[in-house]
Amino acid sequence: MDRSTESERFSASTKRRSPSRGWRFVVGALAAAAVITLGVRATVVDFFYIGSTSMESTLNPGEGLLVNRLAYKDAEIQRGDVVIFDGRGSFLPYERPNALDSLAWALRLAGSDAVYVKRVIGVGGDTVSCCGPDGRLSVNGVPVEEPYVFAGDKASDMDFDVQIPEGRLWVMGDHRSVSEDSRALLGAPGGGMIVTKRVIGKVSDVIWPLDSKRPIEGSSILSGLPNAE
């Protein structure tokens, strides 16, 4: 047998197989990157798109949000924080998601029906009421100026007076006239109050589009209020 011919055949065979190996490497690398990305998003930081007008003008439709999943690992949720939460069991009936729901949740698709973004107005033990003679919302009997409320909106279009149980949150959108929030579920089981364990994380920044990048700070006005006695 001609050894040079055999060597040439082996070389040609190797060349024919190399593109396939290259594609397998690329696919494997992409799969590994996807797993790492999902792991980071599930435990450290996450990314969501705004799909509604309920938080204007603090957050606007089409903006991309960076969400800190570790914000409450060693800290309590504070009044004024803007949070992302799973609305199942409070804003929505809890149902076991099907395969498509699970995929949408994993990818954080815009317009996901289970994901909400609102501002925390009251925490466990607080009493939140609206509206006083001056038209303002009160927390623990103290009327609050709310500079983040959408221009031209009232503090609320409906009156309420609620006490928040421990482990729950009273949340409202900054665009009060269009926001479906804790007010919309008064009288329903749970009274529209979010279980703290359903909070996914704290909105820390708007990162998309690039010309709209900015940090999102909780309201120091709300965080400085006295606790309930």
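Student: In which strand is the place of Trp 208?

Tutor: Trp 208 lies in strand β11, which covers residues 199–208. Bear in mind that this is a predicted model.

Student: Is Trp 208 buried, exposed or partly exposed?

Tutor: Buried means under 20% relative accessible area and exposed means over 50%, with partly exposed in between. At 42%, Trp 208 is therefore partly exposed.

Student: Which residues form a nonpolar patch on the surface with Trp 208?

Tutor: Tyr 49 and Leu 210 join Trp 208 in that patch, and together the three have about 340 Å² of accessible area.

Student: Now strand β3. How many of its residues are buried?

Tutor: Five of the five, residues 82–86, so β3 is largely enclosed by the rest of the structure.

Student: Which residues of β3 lie on each side?

Tutor: In a regular strand, side chains alternate between the two faces of the sheet. In β3, Val 82, Ile 84 and Asp 86 are on one side, with Val 83 and Phe 85 on the other. Both faces are covered, and all of these residues are buried.

Student: What are the bridge partners of Phe 85 in β4 and in β11?

Tutor: Tyr 116 is the partner in β4, and Val 199 is the partner in β11. Strand β4, residues 115–122, runs antiparallel to β3 and is joined to it by five bridges. Three bridges join β3 to β11, also in antiparallel fashion.

Student: How many helices and strands does the protein chain have, and what share of its residues is buried?

Tutor: The chain has three helices and twelve strands. Of its 229 residues, 36% are buried.

Definitions and conventions:
Residues are numbered from 1 along each chain as its sequence is written. This is a predicted model: local features need pLDDT of at least 70, side-chain atom pairs count only at pLDDT 80 or more; totals for chains, interfaces and linings use all residues. Side-chain values use heavy atoms; hydrogens and water are left out. Patches are made of residues with over 30% relative accessible area and no salt bridge: like charges are joined within 9 Å, nonpolar side chains (Val, Leu, Ile, Met, Phe, Trp, Tyr) within 5 Å. Accessible areas come from the Shrake-Rupley method with a 1.4 Å probe; for residues, only the protein chains shown count as cover. A salt bridge is a side-chain nitrogen of Lys or Arg within 4 Å of a carboxyl oxygen of Asp or Glu. Helices (H or I, at least four residues) and strands (E, at least two) are DSSP runs, numbered from the N terminus. Buried means under 20% relative accessible area, exposed over 50%, partly exposed in between (1.4 Å probe, protein chains only). Two strands pair if DSSP finds at least two bridges between them.
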